Amino acid sequence: MASPAMKIFRYLEDLDCFVVREEYRKIADQLGLLEWHPVVWIGRLFTLDNDFGEHWFDNWELREQLKLEAEKRGISYEDLMIIDPDHFQNGDDGPYHTPEQRKKFWTDVLKSLELSYDLIFAEARFENAKIRETIPDMFIADLEQRIERISKEIRGTSES
């Protein structure tokens, strides 16, 4: 049986940006996947699987431009995830596509992005093991119990 999945982002069409879905944010918080925002680990995997990827939404000047509109909606501008198409090319043997095409592509990808709970749990275990070695005070000793509790909630929701 396939693992259930969850959407990670909610697209704000009028602002042309994303915010992290609250359902995912809560789970990321429980599992220790927050760093400075809860999608850092996803960015690493999208962008060369290194620390360059953790900065995939470091575009404060773009967020600043939407600050007033976001605040009118009750959204902190720090929570806006804006696609900067230039961040998705490095100039090595390219770029092949225009910035507009890259922006359309990544917008579609993030609108449809769903990750399985199995993957999210595996990442939490991976990160927690690394933290045990590097920052023991932040190690989540009851991570497996948290995963089990979330799994039960998922099964309860899917059976309804």
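Good morning. A residue is called buried under 20% relative accessible area, exposed over 50%, and partly exposed in between. Please keep these cut-offs in mind, as I shall return to them several times. The structure before us is a predicted model.

Let me begin with the overall architecture. The protein contains seven helices and four strands. Read from the N terminus, these elements follow the order β-β-β-α-α-α-α-α-β-α-α. The C-alpha trace spans about 45 × 35 × 35 Å along its principal axes. Of the 160 residues, 38% are buried. The accessible surface amounts to about 9,800 Å², and carbon and sulfur atoms contribute 51% of that area. Among the contacts with a separation of 6 or more, 55% are between residues 24 or more positions apart.

I turn now to charge. There are 21 positive and 34 negative side chains in the protein. The centres of these two sets lie 5 Å apart. The number of salt bridges comes to 11, and I shall present three of the pairs.

The pair to consider now is R73 and D14, whose side chains form a salt bridge with an N to O distance of 2.4 Å. Where in the chain do R73 and D14 lie? R73 belongs to the loop between α4 (67-72) and α5 (99-112), while D14 belongs to the loop between β2 (9-12) and β3 (17-20). The two are 59 residues apart, and the pair thus links distant parts of the chain. Is D14 buried or exposed? D14 has a relative accessibility of 56%, and it counts as exposed because that value is over 50%. Its partner R73 has a relative accessible area of 39%, so R73 is partly exposed.

Another salt bridge joins the side chains of R44 and D51, at 3.2 Å from N to O. Here R44 has a relative accessible area of 14%; this is under 20%, and therefore R44 is buried. R44 and D51 also belong to a network of salt bridges that links them with E35 and E54.

The remaining pair on my list is D142 and R146, whose side chains meet in a salt bridge of 2.9 Å, N to O. D142 is partly exposed at 32% relative accessible area, and R146 is likewise partly exposed, at 22%.

Next, the surface. Which residues gather in a patch of negative charge? They are E64, E71, E78 and D79. E64 is located in helix α3, which covers residues 60-65. With a relative accessible area of 43%, E64 is partly exposed. Residues of a patch must have over 30% relative accessible area, so E64 meets that part of the rule.

Helix α3 also holds L62. L62 has a relative accessible area of 22%, which makes this residue partly exposed. Which residues does L62 touch, leaving aside those up to four places away in sequence? The answer is I82 and D84. By way of a further distance, L62 and K26 are 36 residues apart in sequence, and their C-alpha atoms are 26 Å apart in space.

To conclude, I would ask you to look again at two places in the model. One is the salt bridge between R73 and D14, which links distant parts of the chain. The other is the negative patch that includes E64, a residue of helix α3. Thank you for your attention.

Notes. Residues numbered from 1 in each chain as written. Predicted model: local features only at pLDDT ≥ 70, side-chain atom pairs only at ≥ 80, totals over all residues. Heavy atoms only, no water. Patch = residues over 30% accessible without salt bridge, like charges linked within 9 Å, V, L, I, M, F, W, Y side chains within 5 Å. Areas by Shrake-Rupley, 256 points an atom, 1.4 Å probe, with all protein chains shown as cover. Salt bridge = Lys/Arg side-chain N within 4 Å of Asp/Glu carboxyl O. Lys, Arg positive; Asp, Glu negative; His and termini not counted. Charge placed at Lys NZ, Arg CZ, Asp CG, Glu CD. Buried < 20%, exposed > 50% of the residue type's maximum accessible area, 1.4 Å probe, protein only. Contact = heavy atoms within 4.5 Å.
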